[in-house]
Amino acid sequence: MVSSKKFGFVLGLLLLALPAFGADLAILRNGFSIRHERRETVGSMTRLYLGTDKGYVDIATDQIERFDKDVSPAVVPASAAVPALVPASVPVLASVRQAKPQPLKPQELNEVINNISDRHHIDPDFISSVIHAESGFNQHAISPKGAQGLMQLMPGTASKLGVSNAFDPRANVEGGTKYLTELLERYNFDVIKALAAYNAGPLRVQQYGGVPPYRETQAYVASIVRDYNRKKIAQRKAAAAFAKTNRSKKPAPQPAIAKQVSVPGLPPQASR
């Protein structure tokens, strides 16, 4: 992910404003896209406004390949009423403000990761290592490029994965894990290529035949592999220590078996 700085309102830096009516897609050079309502150029950065109450992200202008119109249909809730003065032939675009989900406690998040890992047959420690590298377990994280939530889903990717709210931790981890699964299958379970594609995009992995020569992507892949291996080494050490402790313990003495005593006047008890 390309680092960028957010600029405050400084009149001298505001060189040119480019209004964009409706919804557009900023196609980035790394293969990802960002849906936005309008944009403007601020110095060497392009500010993309994501919509009402969604804020904005600043992208280095030279990292944007082109702009396209977003032709995907807008989703209008069934409960949304169409104004009576608007003809039925005119499409109505509804902007729905999503409620901010409550963050999960660490134990709850672990349970979510475990359940999702079972469904997708991926080691939960691997998912956890990806989350650690992507967001540091910040459920409301937003990257300078607009990636959102625990597994830093780009808006376009989240939409394709069926994630309507990337800040919902359950939906985010489900979508991110599904995407990881697709990448692993695409690269015949080559973990290194799958992680590189998750960070830099499949187009860059295809272009370079593996991990692209980007310092950020190389560090990203290395950090996840290192974190995952650290967890596995710790687990093996703990299992070995537990087994050693059990072997060193003396077997507990077995209780003595009482002899059967016959009481005069009563028939002997049948053995079970």
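**Notebook: cation–ring contacts, helix α2 and aromatic pairs**

I began with the charged side chains over rings, and noted that Arg-38 lies over the face of Tyr-49, at 3.8 Å from the ring centre. I then found the charged end of Arg-39 over the ring of Phe-67, 3.8 Å from the centre of that ring. I keep in mind that this is a predicted model.

Next I turned to helix α2, residues 124–135, and checked its length: at 1.5 Å a residue its 12 residues should span 16 Å, and the end C-alpha atoms are indeed 16 Å apart. At the start of the helix I saw a side-chain oxygen of Asp-123 reaching to within 2.9 Å of the backbone nitrogen of Asp-125, and just after the helix I read a positive phi of about 65° for Gly-136.

How enclosed is α2 by the rest of the structure? I noted that nine of its 12 residues are buried, so the helix is largely enclosed; among the buried ones are Phe-126, Ile-127, Val-130 and Ile-131, and also Asp-125 and Glu-134. The cover over these buried residues includes α1 (106–120), α4 (169–186), α5 (191–200) and α7 (215–248).

Last, I looked up the aromatic pairs, of which the structure holds three. One of them joins Phe-126 and Tyr-228 edge-to-face, at 5.9 Å centre to centre with 90° between the planes, and this pair links helix α2 to helix α7 across 102 residues of chain. I recorded Phe-126 as buried because its relative accessible area is 9%, under the 20% cut-off, whereas Tyr-228, at 23%, counts as partly exposed.

How values were computed. Residues are numbered from 1 along each chain as its sequence is written. This is a predicted model: local features need pLDDT of at least 70, side-chain atom pairs count only at pLDDT 80 or more; totals for chains, interfaces and linings use all residues. Side-chain values use heavy atoms; hydrogens and water are left out. Helices (H or I, at least four residues) and strands (E, at least two) are DSSP runs, numbered from the N terminus. The expected span of a helix is 1.5 Å times one less than its number of residues. Buried means under 20% relative accessible area, exposed over 50%, partly exposed in between (1.4 Å probe, protein chains only). Contact means heavy atoms within 4.5 Å. A polar contact is a pair of N or O atoms within 3.5 Å; within protein, one must be able to donate a hydrogen and the other to accept it, and residues adjacent in sequence count only if both atoms are side-chain atoms. Rings of Phe, Tyr and Trp (its six-membered ring) pair if their centres lie within 6.5 Å; planes under 30 degrees apart count as stacked, over 60 as edge-to-face and the rest as tilted. A charge sits over a ring if NZ of Lys or CZ of Arg is within 6 Å of the ring centre and within 35 degrees of the ring normal.
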